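Q: Could you take me through one part of this protein up close? I would like to follow a single helix and what surrounds it.

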Amino acid sequence: MQNIKQNIKPRLHFTPFQTIVFGFMAAILIGALLLFLPVATKDGETTSFFDALFTSTSAVCVTGLVVKDTATHWSMFGQIVILVLIQIGGLGVVTMAGFLAIISGRKIGLFARNTMQEALSAHKMGGVLRLTNFILILSFSIELLGAIFLSPVFIKDFGVGKGIWYSVFHSISAFCNAGFDLMGVRGEYSSLTSYSTNALVNITIVILIIVGGIGFLTWDDIRTNGIHLRRYRVQSKIIFTVTFVLILFPFLFLFFHEFDELPMKDRILMSLFQSVTPRTAGFNTADYSAMSESGEAMTILLMLVGGSPGSTAGGMKTTTLAVLVLSAFAVFRRNGDAECFGRRVMDEAVKAAGAIFFLYLFLSFGGALSISAIESLPFLSCFFETSSAIATVGLSLGITPTLSIVSKSILIILMFVGRVGGLTLIYATVSRRGTMAKLPQERITVG
């Protein structure tokens, strides 16, 4: 009888992709419940559960879009909850769970290692625990250094206790590419605009964003191979190249087109910061609503590209853009394969890049169209917000707090899809692989 009951009892078998998705869902729900408590607000009043859910989603998905100003609405308890959620979301729910398992001495099985491999975008399962340890040590060390560099400015402006807290909060938020800030004390939703001319704050935040956004596998390459660039993985070389290009060209555009009325030093700082933060940090030292439409359009493109695989950043990823460009050049040359740094790009990567590009463009465009129709707002403004949401950036033209529940729900879905990953969600839903059988081919003319 006992054997029969055991056979009848359903067993849940989650795939690694489903584990990642449910892990993020659980973190968001727990965070929302904590932020829903009266102790989480400065006035002791309960925040609506929907606003708590939106804030928790934005924090776990390291987006930075807010409906309540972080500094003026949330208490110290609420701010600590938000910071913990940012740290968990930035490093990944699975990575943090693995960290807790490691320090508690628990044995990590094959399934857990496989899940950690998928979460980190690691190329192989071997050494994934070593890589996790490296990621955590590197992350905490860089966040500590960032806080040390920021502390002289914030301690001077806010006093010792508050200055240290502000330094830690903004360092973690910047490294995790979250974009949450506590500068609402100087003006609600003002971000870092009051420090637009402060070189130390600007450079420190920019470095934290870049370091967090290039990916942990790239840093593992740096640790392993040092200055011997030829030994680096092709992926790391692509990331360095695309990252440099996506900083240089926007910087030049902004320098000559948007901020030409500023003094030279401020112009350089402003252009550099705004060329880095869209991928995908969410801080800003400029008023994006005052930018030209071309400046906003360029920012949207940078937001959609985002950071690199296995990083704290979101977006389609730099490697996706690179594979799409390489594939296009292969077609232009009438070459069968996309090539880069003396290597051939796998067809599977080309197909995945195309699918990701379509998914991000479809969701951000469709979401913007829906919000524009619901709220009667300009499409470009809505497209800016939806691109910021799905790319987990957090930059805003200021319309998010004014949106209806339906429009905010669209942003919540986009933030979740952007952080977990569109393909991860699809693989979690459709777990079975395609069959080996192939249908007859048919020629279709395109272009």
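**A close look at helix H10**

A: Let's start just past the end of the helix: H10 is followed by Gly215, whose phi is positive, near 100 degrees. This is a predicted model, in which local features need pLDDT of at least 70, side-chain atom pairs count only at pLDDT 80 or more, and totals for chains, interfaces and linings use all residues. Residues are numbered from 1 along each chain as its sequence is written, and side-chain values use heavy atoms, with hydrogens and water left out.

Helices here are DSSP runs of H or I with at least four residues, numbered from the N terminus. H10 covers residues 199–213, and its end C-alpha atoms lie 21 Å apart. That agrees with the expected 21 Å for its 15 residues at 1.5 Å a residue, because the expected span is 1.5 Å times one less than the number of residues.

At the start of H10, a side-chain oxygen of Asn198 comes to within 3.1 Å of the backbone nitrogen of Leu200. Further along, the buried residues (under 20% relative accessible area, 1.4 Å probe, protein chains only) include Val201, Ile205, Leu208 and Gly212. What do the buried residues of H10 pack against? Their partners are helices H8 (128–158), H9 (160–175), H11 (216–225) and H13 (264–276), where a contact means heavy atoms within 4.5 Å.

Stepping back, the protein has 19 helices and two strands (E runs of at least two residues). Buried residues make up 53% of its 447 residues.

Key: Buried < 20%, exposed > 50% of the residue type's maximum accessible area, 1.4 Å probe, protein only. Polar contact = N/O pair within 3.5 Å; in protein donor to acceptor, adjacent residues only side chain to side chain.
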